[in-house]
Amino acid sequence: MQTDTKILAHEFEYLTPNTLNEALDMLDRYQDKNAKILAGGTDLLVKMKTINLKPDYIINIKNIQEINFITYNDDGLKIGAVTSLSQVEKSKEVKAKYSALYEAIKSMAAIAVRNMGTIAGNLCNASPAADTAPPLIAYGAEVKLANKRGERAVPVEEFLTGPGKTVISSNELLTQLNIPVLDENTGSSFLKIGRVKADIAKINIAVYLERKNNVCKSCKIVFGSVAKTPIRVKGAEDILRGQQLTSDVLTKVAEKASEEIKPITDIRSTAEYRHEIAKVMVEKAVNLAWERAGD
Amino acid sequence: MKKAEIEFTVNGKKRTLFVKTNELLINVLRNDLNLTGTKYACGIGECGACTVLLEGRPVLSCLTLAVDVNGKNITTIEGISKDGFDPVQKSFLKNAAVQCGFCTPGMILMAKSLLKENPNPTEDEIRDYLRGNICRCTGYTQIIKAVKECANNHNQDK
Ligand SMILES: Cc1cc2nc3c(=O)[nH]c(=O)nc-3n(C[C@H](O)[C@H](O)[C@H](O)COP(=O)(O)OP(=O)(O)OC[C@H]3O[C@@H](n4cnc5c(N)ncnc54)[C@H](O)[C@@H]3O)c2cc1C
Ligand code: FES
Ligand code: FES
């Protein structure tokens, strides 16, 4: 296929709703008409240039102020759909409390892309390598999906269903992201392996755990880029839960995690490498989260 | 052909244009406004040559629709200094941080944005901030040096 990244050859109708209601009306009207939502455009425009994605309507949601916010209170962290990755990265609470999310965003692309891109876009694009997905799944975050008739909340873990696939319907908009307040004595971490800094992940991991009396009370370990969607390695979590963090336990957790993932060989890496490096990453990420959880 | 009227500010000047909905900001800047300092290289967000400031923050004009900047404020390399060279430009010249010059507009806009956010960055911070901008002539050492020197001057000025 010929690609020309200098122009967008394909023509479309361009719509710019100023309110959420207007956007939901448009989505309702154009749901069967090959419409695409535009947020930062850092996935959408690349795809329109390189893989022949040809929407007939583009609905730019960036001017909707109602979904441009980031707040933190007793209810947790709430992030609007058009809030940029840079805005999230600059939030004091994210840096202080949500280490894995902070580290995931910092690892993504570079400043200009993060000034444009959004978490909602990262999730809706549904790449198995999406960097914000593992931390959000580890924290038990949920997304709010709205259409003209109402809204529903879906855990991020259930939102992603395959490469490029989510549970969102064509008349729905992801409006916001809710991340729960994290308990005391908890810690989280994110690690990623790329070819170079800022690269799309060969493999990434987020860990979130609760440490009490030097025992791991609860934990979630989530890998990206090793299956059709980011996945939890629940067998490994079971081994860690209720245990002290000895090197023996850590080795078993790592072995189990490596067995549970289902990586493929692709342009970024081989399945064999991913199985091996996964062990190292689990050990490092669990250790880091454990230290951060303190006691 | 699907077209729309847009009004936006480029380098302090209001512009009203009629553009195709699928026109990219980079091509409007270069072809319609003759602001050819903004460069096209990869077209897919990987190189930073097309960087411009949108409301003062770096974005990529190769991945921005022209219709999307309606009502907004854009600064290109041509607009960073009203008279003569900006201190960052001077530092790039002095430190031989320019070889072919293709990456330079993007590098300078990134450096300006970094120094605004963080007037005295460390070398690691400079490298991290500029990591999305590729220099094919591999003048990175000089580029980092140029930014660093600006940072220090910046502080002495105050
Ligand atoms: C150079 C470069 C480097 C990158 N590096 C990384 C990286 O390191 N890690 C990584 O994970 N990603 C990376 N990306 C991918 C991309 O930047 C991210 O996925 C980004 O978060 C996408 O957000 P966006 O707002 O730009 O999405 P858009 O491109 O605007 O949208 C993406 C998709 O989601 C849909 N969508 C967007 N918002 C909504 C919504 N609110 N409701 C419903 N649907 C919606 C769109 O219709 C589209 O299909 C990179 C991209 C580039 C160009
Ligand atoms: S031309 Fe825009 S990033 Fe390379
Ligand atoms: S000076 Fe030639 S690309 Fe940087």
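Which strand of chain A gives the most to the lining of the largest cavity? Keep that in mind as you open the predicted model; this tour starts with the answer.

**Stop 1: the largest cavity**

Select strand 10 of chain A. With 3 residues, strand 10 gives the most to the lining of the largest cavity. Now add the full lining to your selection: Ile79(A), Gly80(A), Ala81(A), Ile119(A), Ala120(A), Leu174(A), Gln176(A) and Leu177(A). Colour by element and you will find that strand 5 (76-80), helix 7 (119-125) and strand 10 (173-179) of chain A each give two or more residues to this lining. The space they surround comes to about 40 Å³. Colour by residue class next: 6 of the lining residues are nonpolar and 2 are polar, with no charged ones.

**Stop 2: over to chain B for another cavity**

How many cavities of 30 Å³ or more does the structure hold? There are 2, and the second largest has a volume of about 30 Å³. To find it, select Ala97(B), Val98(B), Gln99(B), Cys100(B), Gly101(B), Cys103(B), Thr104(B), Cys135(B) and Cys137(B), which line it. By class, this lining has 6 nonpolar and 3 polar residues, and none that are charged.

You will have noticed cysteines in that list, including Cys100(B) and Cys103(B). Before you start drawing bonds, though, note that a search over all chains finds 0 disulfides in the whole structure. The next stop looks at one cysteine pair in chain A.

**Stop 3: a cysteine pair without a bond**

Show Cys216(A) and Cys219(A) as sticks. Why is there no disulfide here? The sulfur of Cys216(A) has its closest cysteine sulfur in Cys219(A), but at 4.2 Å the two are too far apart for a bond, because a disulfide needs the sulfur atoms within 2.5 Å. Seen from the other side, Cys219(A) is in no disulfide either, with the sulfur of Cys216(A) as its nearest at 4.2 Å. Are these two side chains buried or exposed? Cys216(A) is buried at 0% relative accessibility, and Cys219(A) is buried too, with a relative accessible area of 6%.

**Stop 4: Phe223(A) and its surroundings**

Move along to Phe223(A), which sits in strand 13 (residues 215-224) of chain A. Phe223(A) has a relative accessible area of 0%, so it counts as buried. To see what surrounds it, leave aside neighbours within four places in sequence and select its contacts: Ile203(A), Asn204(A), Ile205(A), Pro230(A), Ile231(A), Val233(A), Ala257(A), Ile261(A), Ala278(A) and Val282(A). One of these, Asn204(A), is 19 residues away along the chain, yet the C-alpha atoms of Phe223(A) and Asn204(A) are separated by 5.7 Å.

**Stop 5: a contrast at Glu93(A)**

Next, pick Glu93(A) in helix 4 (residues 92-97) of chain A. Glu93(A) is partly exposed, at 30% relative accessibility. Not counting residues up to four places away in sequence, Glu93(A) touches Tyr72(A) and Tyr98(A). If you have a distance tool handy, try Leu77(A): it is 16 residues away along the chain, with 8.3 Å between the two C-alpha atoms.

**Stop 6: helix 1 and its cover**

Select helix 1 (residues 20-30) of chain A, then highlight its buried residues: Leu20(A), Ala23(A), Leu24(A), Met26(A), Leu27(A), Asp28(A) and Tyr30(A). Among the elements covering them are strand 1 (13-15), strand 2 (35-38), strand 3 (57-60), strand 6 (142-147) and strand 10 of chain A.

**Stop 7: where the chains meet**

Show both chains. At their interface, 35 residues of chain A are in contact with 29 residues of chain B. About 2600 Å² is buried between them, and carbon and sulfur atoms give 59% of that area. Select Lys6(A), Glu11(A) and Ile111(A): these supply 21% of the area that chain A buries against chain B, more than any other three residues.

**Last stop: the second largest pocket**

Finish with Lys62(A), Ser84(A), Asn115(A), Leu54(B) and Arg57(B), which lie nearest the centre of the second largest pocket among its 25 lining residues. Its volume is about 600 Å³. Helix 3 (85-90) and helix 6 (111-116) of chain A, along with strand 4 (57-60) of chain B, each supply at least two lining residues. Helix 3 of chain A has the largest share, 3 residues. By class, the lining has 9 nonpolar, 10 polar and 6 charged residues.

Definitions and conventions
Residues are numbered from 1 along each chain as its sequence is written. Chains are lettered from A and ligands numbered from 1 in the order in which they are written. This is a predicted model: local features need pLDDT of at least 70, side-chain atom pairs count only at pLDDT 80 or more; totals for chains, interfaces and linings use all residues. Side-chain values use heavy atoms; hydrogens and water are left out. Buried means under 20% relative accessible area, exposed over 50%, partly exposed in between (1.4 Å probe, protein chains only). On a 1 Å grid over the protein atoms alone, a cavity is a set of points where a 1.4 Å probe fits but cannot get out, and a pocket is an open set with protein on both sides within 12 Å along at least five of seven lines; lining residues have an atom within 4 Å of a point. Grid points are joined across faces, edges and corners, and a volume is the space filled by probe spheres set on the points. Helices (H or I, at least four residues) and strands (E, at least two) are DSSP runs, numbered from the N terminus. Ala, Val, Leu, Ile, Met, Phe, Trp, Tyr, Cys and Pro count as nonpolar, Asp, Glu, Lys and Arg as charged, and the others, Gly among them, as polar. Contact means heavy atoms within 4.5 Å. Buried area is the accessible area (1.4 Å probe) that two parts lose on being put together, summed over both.
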